[in-house]
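User: I should like to understand the terms used to describe this structure. Please explain each term by setting the value against its definition.

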Amino acid sequence: MLERINQIINEIESFEITDSKSLEDFRLEFLSRNGKIQSMFGEMANVPKDEKASVGKAMNRAKIAAQEKFDKEKQHQERSSSKEFGALDDITIPVEPTYSGSFHPLTLALDEIKQIFLRLGFNITDGPELEDDFHNFTALNFPPDHPARDMQDTFFVKKTDNPDEDDLVLRTHTSPVQIRLMKEQKPPIRSIMPGRVFRNEAVTAKSYFQFNQVEGLYVDKRVTMGELIETLVMFARLMYGSNVKYRVRPSFFPFTEPSIEMDVWWGDEKNGQWLEILGAGMVDPNVFQAVDVDPETYTGFAFGMGVDRIAMLRYEIDDIRLLYENDIRFLNQFKS
Ligand code: PHE
């Protein structure tokens, strides 16, 4: 009898359970009412009395071995069919790699610009992207019939004939933030104002209906054109290297008088070209009047530059649309 029991234990141990079907086969063969364990216990009556104790022990061992194997395999199958527990089955399995994000090239360029102006003693001011006509145009000395007020150039969100209301536009430049700042804060003011601006332009590799600018404003007693140019040259040197070749040209903006533009030479001696990097000038007295700053006491300078242009030069991007499509293959190239 003991031999038979050992035989059954061997069978239990060597039975291969691979799936739910073989698990059920195992149960039928050993644990069911007609299975080998039950029929084994049925033979107890025929065991001689003095062997009953040892045979009973052996039978119990067989029963426990079958039950334990069944329970273990069953639990294993349940776990691997449930995702929640399946992940915990083996904590040494390597996880799927996750990819870290990267900074957008516009953010990288803007960070450089901010660092330079923070060093030069400027702080940072924010303003809304949805502006009214007063802040975007009128207070900046744009005449009523200025072409920028044309629907072809500017996105109007609301046009009104009601004299108590104002047209609403997507700001066409960051200069309205100057107006907000000067209304809120008395001079001295020395601030840069980064932000997104919008123009109603045809989309091409070179132009887009939105882009980013950084405005600068410095207002105090006796601020001069010399300081403006000194500041811009300092910026160009810190941004493009100390031997950058630059030039300053006269220009026109309604809100500055006199006005200038700055170009830097891009490329080598022979194969290069002048690229305009910013517009600037001395704050027009009419602008000071619109915000109740006395132009007899204070003078100031302002400048505005495009961040997109700087990012495109820095990272050799030849199509501005890439900056706004958020194609992951493009963005992944700016991992630091
Ligand atoms: N606002 C001007 C533009 O968008 C740039 C500028 C800002 C020029 C400040 C002079 C002074 O073109």
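User: What makes helix 1 and helix 2 roughly antiparallel, rather than roughly parallel?

Analyst: In this predicted model, the axes of helix 1 (residues 2–14) and helix 2 (residues 20–31) cross at roughly 170 degrees and come within 11 Å. Angles over 145 degrees count as roughly antiparallel, so helix 1 is roughly antiparallel to helix 2.

User: Which residues make the contact between helix 1 and helix 2?

Analyst: Helix 1 contributes Ile 8, Glu 11 and Ile 12, while helix 2 contributes Phe 26, Glu 29 and Phe 30. Contact here requires heavy atoms within 4.5 Å. By class, four of these residues are nonpolar, two are charged and none is polar. Ile and Phe count as nonpolar and Glu as charged, so the two glutamates are the charged residues.

User: Why are strand 2 and strand 3 said to stand at the edges of their sheet?

Analyst: The sheet is open, and its three strands follow the order 2-4-3 with antiparallel pairing. Strand 2 (130–132) and strand 3 (156–158) each have a single partner strand, so one side of each is left without a neighbour in the sheet. On average, and ignoring direction, neighbouring strands are turned by 35 degrees against each other.

User: How do you know that strand 3 pairs with strand 4?

Analyst: Pairing requires at least two bridges between the strands. Two bridges join strand 3 to strand 4 (residues 168–170), so the requirement is met, and these strands run antiparallel. Lys 158 stands opposite Leu 168 in strand 4.

User: What space lies in the largest pocket, and which residues are closest to its centre?

Analyst: The largest pocket holds about 1,200 Å³ of space. It is lined by 48 residues, of which Arg 199, Phe 211, Gln 213, Glu 276 and Gly 306 are the closest to the centre. Strand 9 gives the most to this lining, with seven residues. By class, the lining has 22 nonpolar, 15 polar and eleven charged residues.

User: What makes one residue in the lining of the second largest pocket count as charged?

Analyst: The second largest pocket contains about 160 Å³ of space. Its lining consists of His 104, Leu 106, Thr 107, Leu 110, Arg 196, Asn 212, Val 307, Leu 323, Tyr 324 and Asn 326. Asp, Glu, Lys and Arg count as charged, so Arg 196 is the charged residue. The lining also has five nonpolar and four polar residues. Helix 6 supplies the largest share, three residues.

How values were computed: Residues numbered from 1 in each chain as written. Predicted model: local features only at pLDDT ≥ 70, side-chain atom pairs only at ≥ 80, totals over all residues. Heavy atoms only, no water. Axes fitted to C-alpha atoms, helices over the stretch in contact; angles between N-to-C directions. Helix = DSSP H or I, 4+ residues; strand = E, 2+ residues; numbered from the N terminus. Parallel < 35°, antiparallel > 145°, perpendicular 65-115°, else oblique. 1 Å grid on protein atoms, 1.4 Å probe; cavity = no way out; pocket = protein on both sides within 12 Å on 5 of 7 lines; lining within 4 Å. Points joined across faces, edges and corners; volume = space filled by probe spheres on them.
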